[in-house]
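Trainee: I am new to this structure. Please take one part of it and walk me through it closely, with its surroundings.

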Amino acid sequence: MDEFELLDPWSIEMLAPIVVAGEGPMACPGCAAVTGFSAGGRWGDLVRMRCRCGRDWLPFEDDPELSRELMKELIIAAQSEDRPG
Ligand SMILES: [Zn+2]
């Protein structure tokens, strides 16, 4: 899965809120924003989030499987945006 490794750990821009079924949109623990995060991590890692306010945190710490799934989804989405055409 080397092709999915991100060299810049904060290269994924989150433009839309992340909504988890039954929980509502994920919010920054620092300023309660729900958009404008950058996501970081590599394939198989827990997802990390960084807000414009400077706060970074690990969402879904109590659900590592969900966190890893989210990281993979973000990486796939970022890769397909980068691909020309
Ligand atoms: Zn914030």
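Mentor: **A loop and its surroundings**

W43 is partly exposed, because its relative accessible area is 25%, and partly exposed covers the range between under 20% and over 50%. This is a predicted model, so every value here is computed from it. W43 lies in the loop between β4 and β5, with β5 spanning 48–50. That loop is the part to look at closely.

Start with a contact across the sequence. W43 and I75 are 32 residues apart along the chain. In space, their C-alpha atoms are 7.4 Å apart.

Now look at charge. R42 pairs with D45 in a salt bridge. The closest N and O atoms of R42 and D45 are 3.9 Å apart. The cut-off for a salt bridge is 4 Å, so this pair counts. R42 is partly exposed, because its relative accessibility is 41%. D45 is also partly exposed, because its value is 31%.

Next, go to R48. R48 forms a salt bridge with D56, and the closest N and O atoms are 3.2 Å apart. D56 has a salt bridge with R50 as well, at 3.1 Å between the closest N and O atoms. Shared partners join R48, R50 and D56 into one network. R48 has a relative accessible area of 32%, so R48 is partly exposed. R50 stands at 31% and D56 at 27%; both count as partly exposed. Why can such residues pair? Side chains of opposite charge can do so when their charged atoms come close. Across the whole structure, a search finds three salt bridges.

Step back to the fold. The chain has one helix and six strands. Read along the sequence, the pattern is β-β-β-β-β-β-α. Of the 85 residues in the chain, 32% count as buried.

Look inside next. The largest nonpolar core has 18 residues. I12, M14, F37, M49 and L74 touch the most other members. Three elements give two or more residues to this core: β1 (12–14), β4 (37–40) and α1 (64–82). The largest share, five residues, comes from α1.

Now turn to the surface. E23, E61, D62, D63, E65, E69 and E73 gather there in a patch of negative charge. One of them, E23, sits in the loop between β2 (19–20) and β3 (24–25). E23 is exposed, because its relative accessible area is 58% and the exposed class begins over 50%.

G24 belongs to strand β3. G24 counts as partly exposed, because its relative accessibility is 27%. G24 and V34 are 10 residues apart in sequence. Their C-alpha atoms are 10.0 Å apart in space.

Return to the loop to finish. W43 lies between β4 and β5. The R42 and D45 salt bridge involves two partly exposed residues. Keep W43 and I75 in view together: 32 residues apart in sequence, 7.4 Å apart C-alpha to C-alpha.

Notes. Residues numbered from 1 in each chain as written. Predicted model: local features only at pLDDT ≥ 70, side-chain atom pairs only at ≥ 80, totals over all residues. Heavy atoms only, no water. Patch = residues over 30% accessible without salt bridge, like charges linked within 9 Å, V, L, I, M, F, W, Y side chains within 5 Å. Areas by Shrake-Rupley, 256 points an atom, 1.4 Å probe, with all protein chains shown as cover. Salt bridge = Lys/Arg side-chain N within 4 Å of Asp/Glu carboxyl O. Lys, Arg positive; Asp, Glu negative; His and termini not counted. Charge placed at Lys NZ, Arg CZ, Asp CG, Glu CD. Helix = DSSP H or I, 4+ residues; strand = E, 2+ residues; numbered from the N terminus. Buried < 20%, exposed > 50% of the residue type's maximum accessible area, 1.4 Å probe, protein only. Core = buried A, V, L, I, M, F, W, Y, C linked by side-chain atoms within 4.5 Å.
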